[in-house]
Amino acid sequence: MKLASLKGGRDGRLVVVSKDLAWCAEAGHIAPTLQAALDRWDRCEAELRGLAESLEHGAAPRDRFHEHAAASPLPRAYQWADGSAYVNHVQLVRKARGAELPESFWTDPLIYQGGSDGFLGPRDPIPLRDEAWGCDFEGEVAVITGDVPMGADPKAALAHVRLVMLCNDVSLRNLIPGELAKSFGFFQAKPASAFSPVAVTPDELAGWQDGRLNGALEVELNGEPLGRADAGVDMTFDFGILIAHAAKTRSLGAGSIVGSGTVSNRGADGGPGKPIAEGGVGYSCLAEVRTVETILRGQPETPFLTVGDTVRIEMRDARRRSIFGAIEQEVVAA
């Protein structure tokens, strides 16, 4: 089942979307918003699935689904907790600045709590007040949970995944060092993120296995391929582990979003990955590009995003059909 929120009001208007992303059916008679559906998932899920089945058979009133008309599936959420499940990415970034990776990073996930009071739509521009802040994108996978009890183990936590989607976790890289130096986490360095037009139930995803989404995360910068990393490869911590980590000392409310962090694959030789042009799978953010350049040539060469740049993030199935729709955003002067 595929769900989306059409723009309108702060929390959007819930629709069911066809498997080919061509059509949608209003779901307001079941739940007015996705958050309302998540709050009553035990009751709403069966009705939404029935509507989805009717939509596929042309038996429900339908409209064309336009990705530009979609907000992020949850236009705002009670919680947005982003992990760093691909330790390869963390290791590379630390290596570029000459810092050792603590051994605990391989056994204890990193996670931060981001702002969730408002997300960008998947086709909304990225507003940037100052290019000197080092604007970057991060291609990620994210899940939306139901209610997760405090202390849930990874297996139990994984059972609470309701929906899967893609994410562009916008980061202002040049603000990060100053904030981390205060030993109190990110805040200004993490502006509003964006999520894919459609969120999908795990049973609909052929690549969903053991809390990981297998498949190439396609990232383009200004129309050119930058990344094709497989989201199911080199993921040190699956979503069951990430959710359980987040719920260690608190319960998570329905509608909580948990992110994977930047999707990152090692090179075939176990070292830094190579660009697509050199036969590698490329990168899912500019920070990793710049990190590899620093490791190999002593300094970064690729600039961060500037006004007018466009990033596109998408995942396709075996028949090259878009699964979640595309995140496509242009950087604009705020």
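Hi everyone, this is a short walk through one predicted structure, covering its strands, its salt bridges and its empty spaces.

Some ground rules before we look. The model is predicted, so local features need pLDDT of at least 70 and side-chain atom pairs count only at pLDDT 80 or more, while totals for chains, interfaces and linings use all residues. Residues are numbered from 1 along each chain as its sequence is written, and side-chain values use heavy atoms, with hydrogens and water left out.

Let's begin with strand E6. Strands here are DSSP runs of at least two residues, numbered from the N terminus. Buried will mean under 20% relative accessible area, exposed over 50%, and partly exposed in between, with a 1.4 Å probe and protein chains only. So how many of the five residues of E6 are buried? Five of the five, so E6 is largely enclosed by the rest of the structure. In a regular strand the side chains alternate between the two faces of the sheet. Here both faces are covered: Gln79, Ala81 and Gly83 are buried on one side, and Trp80 and Asp82 are buried on the other.

Now for the neighbours of E6. Two strands count as paired if DSSP finds at least two bridges between them. E6 runs parallel to strand E19, residues 256-259, and four bridges join them. If you click on Trp80, its bridge partner in E19 is Ile257. E6 also has four bridges to strand E7, residues 111-114, and that pair runs antiparallel. There, Asp82 stands opposite Tyr112.

Next, please find the open sheet of five strands, in the order E8-E21-E20-E17-E18, with mixed pairing. Its edge strands are E8 (126-128) and E18 (224-227), each of which pairs on one side only. From one strand to the next the twist averages 25°; the axes behind that angle are lines fitted to C-alpha atoms, and angles run from 0 to 180 degrees between N-to-C directions. At the E18 edge, E17 and E18 pair in the antiparallel sense over three bridges, and Leu221 has Glu224 in E18 as its bridge partner.

That sheet also brings us to the charges. Side chains of opposite charge can pair when their charged atoms come close. I call it a salt bridge when a side-chain nitrogen of Lys or Arg is within 4 Å of a carboxyl oxygen of Asp or Glu. By this rule the count comes to 20 salt bridges.

Take Arg316 and Glu218, which form a salt bridge with their closest N and O atoms 3.2 Å apart. The pair links distant parts of the chain, 98 residues apart: Arg316 is in the loop between strand E20 (310-315) and strand E21 (327-333), and Glu218 is in strand E17 (residues 217-221). Is each partner buried or partly exposed? Arg316 is partly exposed at 27% relative accessibility, whereas Glu218 is buried at 8%.

Across E21 and E20 we have Glu328 and Arg312, in a salt bridge with the closest N and O atoms 2.5 Å apart. Those two are 16 residues apart, with Glu328 in E21 and Arg312 in E20. Glu328 is partly exposed at 29%, and Arg312 is partly exposed at 21%. Through shared partners, salt bridges join Glu218, Arg312, Glu314, Arg316, Arg320 and Glu328 into one network.

One more salt bridge, elsewhere in the chain: the side chains of Arg76 and Asp11 meet at 2.8 Å, N to O. Arg76 sits in the loop between strands E5 (70-71) and E6 (79-83), and Asp11 in the loop between strands E1 (2-6) and E2 (13-17), 65 residues apart. Arg76 is partly exposed at 33%, as is Asp11 at 26%.

Both of those residues turn up again in the last topic, the cavity. On a 1 Å grid over the protein atoms alone, a cavity is a set of points where a 1.4 Å probe fits but cannot get out, and lining residues have an atom within 4 Å of a point. A volume is the space filled by probe spheres set on the points, which are joined across faces, edges and corners. The structure holds one cavity of 30 Å³ or more, and the largest has a volume of about 30 Å³. Its lining is Asp11, Thr33, Leu34, Gln35, Pro73, Leu74, Pro75 and Arg76.

Thanks for listening, and I'm happy to rotate the model for anyone!

Definitions and conventions
1 Å grid on protein atoms, 1.4 Å probe; cavity = no way out; pocket = protein on both sides within 12 Å on 5 of 7 lines; lining within 4 Å.
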